[in-house]
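Please find below a short note on the model under review. The points take up the sheets in turn and then the annotated positions.

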Amino acid sequence: MSERTAPRTAPLRARAEIDLAALRANVRALRAHAPGAALMAVVKSEAYGHGAVPCARAAVAAGADWLGTATPEEALALRAAGLPGRIMCWLWTPGGPWCEAIEADLDVSVSGMWALAEVTEAARLAGRPARVQLKADTGLGRGGCQPGDDWAGLVREALRAEAEGLLRVTGLWSHFACADEPGHPSIAAQLGRFREMVAYAEEQGARPEVRHIANSPATLTLPESHFDLVRTGIATYGVSPSPELGTPADFGLRPVMTLSASLALVKHVPGGHGVSYGHRYVTPGDTTLGLVPLGYADGIPRHASSAGPVLVEGKWRTIAGRVAMDQFVVDLGGDEPAPGAEAVLFGPGDRGEPTAEDWAQAAGTIAYEIVTRIGTRVPRVYVNEEQDG
């Protein structure tokens, strides 16, 4: 991912400005929502598109106790960058870098017998115990071990390996399916099942350092789910996990990313002029068009064609016609901003600009996807890198 720590004299084609002061403030706000639990800042997928290493450093500086990633490669990259403390990774496939993870002192997730066998063998080769967290499938139906005999077998074999000094069961955990849907019956059902599966493991002798199930929405709205640790992903970046739960401001959060571009062209066209592929937009009269040099290769969703909002010179504009690979057009309605004028796609909303949630609504998706999909051609420009105070 291209990174810059200060703006250049010449404007960039496009930029994703990452406000690290906002991220640090979000971490502190999230800690206040779960004062009795440790906090894991999830920085998978390049910190949801914001840049994993700078965001991880800012989160730790603000008091995050753990860092979380999906893949072991992501976690190993954090270690290679000098990130200290507890780091957990959970998305493993057979033949993964178990030895490297053990040597880097990562916490690794195990959902089934094949993974337990591989990590145990890796611990023998590494000559040191692995830090293992057992994942329970409490109802999401993705990763995790099923209740009943499967869970009993996994717990039994993990504790046997622990007794042999090959691993340490550091955590018991699970993940909600519908925590972003207030009142969904699966929430209480999963929480109850998690308590039962944790109780069983502990009755058999497990002594985990942490038990955790709460993601961002649960951290914000379900204090009974906080246990020892909460895992905050999208909320760390100031995006609400669900419009139904509230806006970022409702939870004391601030969006971290502002995406903007420099207009590449402004030109006059007559009425009846087709715009972009397929002519799905035709100018209703004489007007001016502005060319925004961002497209679906940069992560701008094609589903936002004729719908995505953009702020240009204080006014909301809408994408005119289809989003192309590298560019899209907005109808400026006769206004004549100079080439190079700023077009703001989304940000915190302070200047009246759209937000990631506005883009999610325009594209029929979720705000998670809007920020995470911004591509590597867009430089991340980090501001407010110094710790507050």
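In what order do the eight strands of the open sheet run, and is the pairing parallel or antiparallel?

1. The model is a predicted one. Its eight-stranded open sheet follows the order E9-E8-E7-E6-E5-E4-E3-E10, and the pairing is parallel. The edges are taken by strand E9 (210–212) and strand E10 (229–232); each has a single partner strand, so one side of each is left without a neighbour in the sheet. From one strand to the next, the twist averages 30 degrees.

2. Within this sheet, strand E5 (residues 86–89) and strand E6 (residues 107–110) run parallel and are joined by two bridges. Cys 89 has Val 108 of E6 as its bridge partner. Helix H4 (residues 72–80) packs on the sheet, where it touches strand E4 (66–69) and E5. The direction of helix H4 makes about 160 degrees with that of E5.

3. An open sheet of three strands is also present, with the order E12-E15-E18 and antiparallel pairing. Strand E12 (265–269) and strand E18 (328–331) are the edge strands, each pairing on one side only. The twist here averages 30 degrees from one strand to the next. Four bridges link strand E15 (residues 287–292) with E18 in the antiparallel sense; Leu 289 has Asp 331 in E18 as its bridge partner.

4. The UniProt record, an unreviewed entry, places the feature "binding site" at Arg 142 and Met 325. The two positions are spread over 184 residues of sequence and are also spread in space, up to 33.0 Å between C-alpha atoms. From this set, Arg 142 is taken in by the lining of the largest pocket.

5. Where does Arg 142 lie, and is Arg 142 buried or exposed? The residue is in the loop between strand E7 (130–135) and helix H7 (149–163). Arg 142 counts as exposed because its relative accessibility is 58%, and the cut-off for that class is over 50%. Apart from neighbours within four places in sequence, Arg 142 is in contact with Asp 137 and His 175.

6. Met 325 is found in the loop between strand E17 (315–318) and E18, the latter being an edge strand of the three-stranded sheet. With a relative accessibility of 42%, Met 325 counts as partly exposed. Leaving aside neighbours within four places in sequence, Met 325 is in contact with Gly 295, Tyr 296, Ala 297, Asp 298 and Arg 377.

Note on methods: Residues numbered from 1 in each chain as written. Predicted model: local features only at pLDDT ≥ 70, side-chain atom pairs only at ≥ 80, totals over all residues. Heavy atoms only, no water. Pairing = 2+ DSSP bridges. Axes fitted to C-alpha atoms, helices over the stretch in contact; angles between N-to-C directions. Contact = heavy atoms within 4.5 Å. UniProt positions renumbered as here; feature names shortened; annotations may be inferred. 1 Å grid on protein atoms, 1.4 Å probe; cavity = no way out; pocket = protein on both sides within 12 Å on 5 of 7 lines; lining within 4 Å. Buried < 20%, exposed > 50% of the residue type's maximum accessible area, 1.4 Å probe, protein only.
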